[in-house]
Amino acid sequence: MKITRDRLMALLFLAPSFLLIVIFVYGFIGWTGWVSLSNWNTLVPDMSFAGLKNYIYLFGDYRFQADLRNTVFFTILFIGFVIILGLGLAILLDQTKKGNSLFRNIFLFPMALSFVVTGVVWQWLLNPSTGFNQFLQVFGIQPKWYTDTNILAGFQWGSIEFGLPVAMIAVVIAAVWQMTGFSLAMYVAGLTGIPDELREAARIDGASELQIYRKVILPMLTPITMSVVIIMAHISLKIFDLIYAMTGSGANFVTDVPGVYMFETTFRGNYYANGAAIAIIMLLLVAVFIVPYLINSRRGAS
Amino acid sequence: MVVRKIAKYAVLIAIALFFLTPVCVMLITSFKPLDEVSLSEMWSLPSAIDFSSYTHAFSELAPNLMNSLYLVIPATLLSAILGAMNGYVLSKWRFKGSEVVFTMILFGMFIPYQSILIPLIQFLNSINLYNSIIGLIFTHVVYGLPITTLMFRNFYANIPDSMIEAAQVDGASFLGIFRQIILPLSITGFVVVAIWQFTNIWNEFLFAVTITNNNAQPVMVALQNLSGSQIVQWNVQMAGALLAAMPTLLVYILLGKYFVRGLLAGSVKG
């Protein structure tokens with residue numbers, strides 16, 4: 001009898017939160033999906049059914065095509081640098097024991113800052129007429145950073161020029177500065193988890209330090225790399241505040257992303273149905289990464 | 001061997017300098033008097049320490065700093081308490097389907113909040129909480145549930161089940177075990193979760209900028225407005241950025257160890 005009363009209490013403990021999640025996550029996503037299929041592109045709600053009109057409009061839209069291109073290149077560069085820098089620094093810290101905690105703290109502190117603060121500061125550091133350009137001037141280079149409208153290796157695709165938008169590199173630098181701490185912390189935790197006996201055994205077998213890293217340690221860090229890729233990918237697909245604070249959508253939308261477009265078209269332009277459609281596309285992109293990851297890691301845990 | 005060691009430190013120091021540069025520029029600029037603030041003199045030190053940019057930035061941001069404080073304290077506490085309750089059930093009182101419930105809750109952590117923003121604003125509007133700090137508190141509690149639940153669940157998973165079983169044999173109930181065994185062991189868990197939520201809610205921007213305008217705005221929105229305004233000098237912007245970042249930066253400096261634990265807990269497996 002007692003056990004069942006306890007079981008009931010357990011369910012009552014969990015129920016409020018679960019109900020909130022069901023309504024405010026799943027219910028609201030459903031409602032956003034419904035809005036995205038409506039004609040509500042004015043200040044006054046108009047929920048008449050529009051079919052896929054808003055989606056068709058977006059995929060033909062110059063700005064949204066530019067957003068997708070920017071997201072692709074931002075995601076690749078951002079994840080690549082966060083992993084290389086985080087792993088490299090973690091290995092360096094693994095080898096140099098002295099002053100480790102000081103260095104780790106320096107690499108990690110940007111994680112405690114807001115993307116808005118990062119945006120405000122880097123906006124000045126990468127401003128073409130000041131900041132780093134005053135040092136680069138000595139070498140005769142003056143990059144235009146986030147004001148550059150060039151598309152590297154571009155070719156016409158749809159209504160946009162598809163290629164790497166040079167302006168995005170400035171945003172990548174700021175984002176990498178902020179988020180490298182995450183991958184570093186993950187890799188440091190992973191490296192401390194590798195027992196010393198394993199390295200000793202490899203050394204006794206005559207492996208060089210480089211071989212130990214390549215053959216023993218890096219393969220053991222693969223699950224961590226997977227986690228970092230997934231977490232960074234979902235951050236990069238959702239990114240809004242950094243770009244909104246640092247550059248805005250930029251000339252020719254060279255630094256625009258779906259998050260910024262959704263915000264501006266919905267809350268500045270009152271195109272609610274279009275904004276909802278952008279949000280649903282963002283959700284689907286994130287879900288492609290997150291759902292398999294969640295299912296996989298839950299299965300491994302239980 | 002020595003050469004390689006020096007080379008390693010050289011690389012570390014170079015990258016550390018790169019990481020510190022933005023903070024140095026913020027500090028240098030924010031202490032400059034107005035007549036030394038020019039684009040060509042960004043890197044030169046101020047001739048004298050001048051606090052006028054701080055007084056200016058503070059007068060602009062003070063009401064918003066208070067808003068952020070009123071927002072972050074209740075939101076952190078409430079989401080931590082709910083997270084502890086959920087974590088207790090999901091780790092020690094599993095039932096058929098509890099893993100599915102947990103995974104469903106977790107998914108809420110990863111969604112782009114744009115995908116719930118339009119209904120959320122309609123909802124807050126209908127209960128008269130739009131443009132209010134209470135509405136923002138409610139929002140942060142709800143969407144903070146996944147991460148706080150995850151953190152507490154992983155934290156409680158480390159408490160041996162045998163302790164719970166022994167207490168049950170002694171006749172302790174569900175609530176008794178929570179109060180007398182789980183909560184006293186949860187202090188570290190609460191510190192980690194509270195620091196994480198404090199940092200996240202303080203730094204959050206999307207909810208803040210869409211749910212509030214003018215007098216209810218948290219500090220990050222006010223900072224963004226300050227930096228977007230053409231008439232505000234950038235020494236004031238830098239001082240403002242530093243003021244807005246100060247609370248989370250202090251928490252990191254004082255309690256960095258717990259912050260990193262929260263960071264690692266966010267990767268699902270913990």
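Buried area is the accessible area, found with a 1.4 Å probe, that two parts lose on being put together, summed over both. The legends below use this quantity for domains and for chains in a predicted model.

**Figure 1. The two domains of chain B and the area buried between them.** Chain B is divided into domain 1, residues 1-50, and domain 2, residues 53-265. Their C-alpha centres lie 33 Å apart. Domain 1 of chain B brings 13 residues to the contact, and domain 2 of chain B brings 9 residues. Between them the two domains bury about 990 Å², and carbon and sulfur atoms give 75% of this area. On the side of domain 1 of chain B, M26(B), S30(B) and V37(B) lose the most area to domain 2, together 47% of what that side buries. No salt bridge is counted between these domains (0), but 2 residue pairs are in polar contact. The side of domain 1 of chain B that touches domain 2 has 8 nonpolar, 3 polar and 2 charged residues.

**Figure 2. The two domains of chain A and their contact.** Domain 1 of chain A is made of two stretches, 23-60 and 271-302, while domain 2 covers 64-269. The C-alpha centres of the two domains are 27 Å apart. The contact takes 16 residues from domain 1 of chain A and 18 residues from domain 2 of chain A. About 1700 Å² is buried between the domains, with 77% of it from carbon and sulfur atoms. I278(A), M282(A) and F289(A) supply 30% of the area that domain 1 of chain A buries here, more than any other three residues. Between these domains there are 0 salt bridges and 4 residue pairs in polar contact. Two elements give two or more residues to the domain 1 side: helix 2 (53-60) and helix 12 (272-301) of chain A. Helix 12 of chain A gives the largest share, 11 residues. By class, the domain 1 side holds 14 nonpolar residues, 2 polar residues and no charged residues.

**Figure 3. The interface of chain A and chain B.** Chain A puts 90 residues into the contact, and chain B puts in 92 residues. The two chains bury about 8500 Å² between them, 78% of it on carbon and sulfur atoms. In chain A, F13(A), W124(A) and R298(A) lose the most area to chain B, together 9% of what that side buries. The rule finds 0 salt bridges across this interface, whereas 18 residue pairs are in polar contact. Helix 1 of chain A, residues 2-36, gives the largest share of the chain A side, 21 residues. That side of chain A has 62 nonpolar, 19 polar and 9 charged residues.

**Figure 4. The surroundings of T180(A).** T180(A) is placed in helix 7 of chain A, which runs over residues 166-193. T180(A) is classed as buried because its relative accessible area is 0%, and the cut-off for buried is under 20%. Leaving out residues up to four places away in sequence, T180(A) touches V82(A), L85(A), G86(A) and L89(A), as well as F19(B) from the other chain. The side chain of T180(A) also reaches the backbone oxygen of V176(A), at 2.6 Å.

**Figure 5. Salt bridges in chain B.** D161(B) and K92(B) meet through their side chains in a salt bridge of 2.8 Å, N to O. D161(B) lies in helix 6 (residues 161-169) of chain B and K92(B) in helix 2 (residues 52-92) of chain B, so the pair ties together parts that are 69 residues apart in sequence. D161(B) is partly exposed, at 43% relative accessibility, but K92(B) is buried, at 13%. Another salt bridge joins E99(B) and R94(B), with the closest N and O atoms 3.9 Å apart. R94(B) is partly exposed, with a relative accessible area of 39%.

**Figure 6. Salt bridges in chain A.** Over all chains, the count comes to 8 salt bridges. One of them joins the side chains of E209(A) and R203(A), at 2.8 Å from N to O. E209(A) is partly exposed, with a relative accessible area of 38%, and R203(A) is also partly exposed, at 34%. Elsewhere in chain A, a network of salt bridges links R63(A), D256(A) and E264(A).

Terms used:
Residues numbered from 1 in each chain as written. Chains lettered and ligands numbered in written order. Predicted model: local features only at pLDDT ≥ 70, side-chain atom pairs only at ≥ 80, totals over all residues. Heavy atoms only, no water. Contact = heavy atoms within 4.5 Å. Salt bridge = Lys/Arg side-chain N within 4 Å of Asp/Glu carboxyl O. Polar contact = N/O pair within 3.5 Å; in protein donor to acceptor, adjacent residues only side chain to side chain. Helix = DSSP H or I, 4+ residues; strand = E, 2+ residues; numbered from the N terminus. Nonpolar A, V, L, I, M, F, W, Y, C, P; charged D, E, K, R; others polar. Domains from an automatic or database assignment. Buried < 20%, exposed > 50% of the residue type's maximum accessible area, 1.4 Å probe, protein only.
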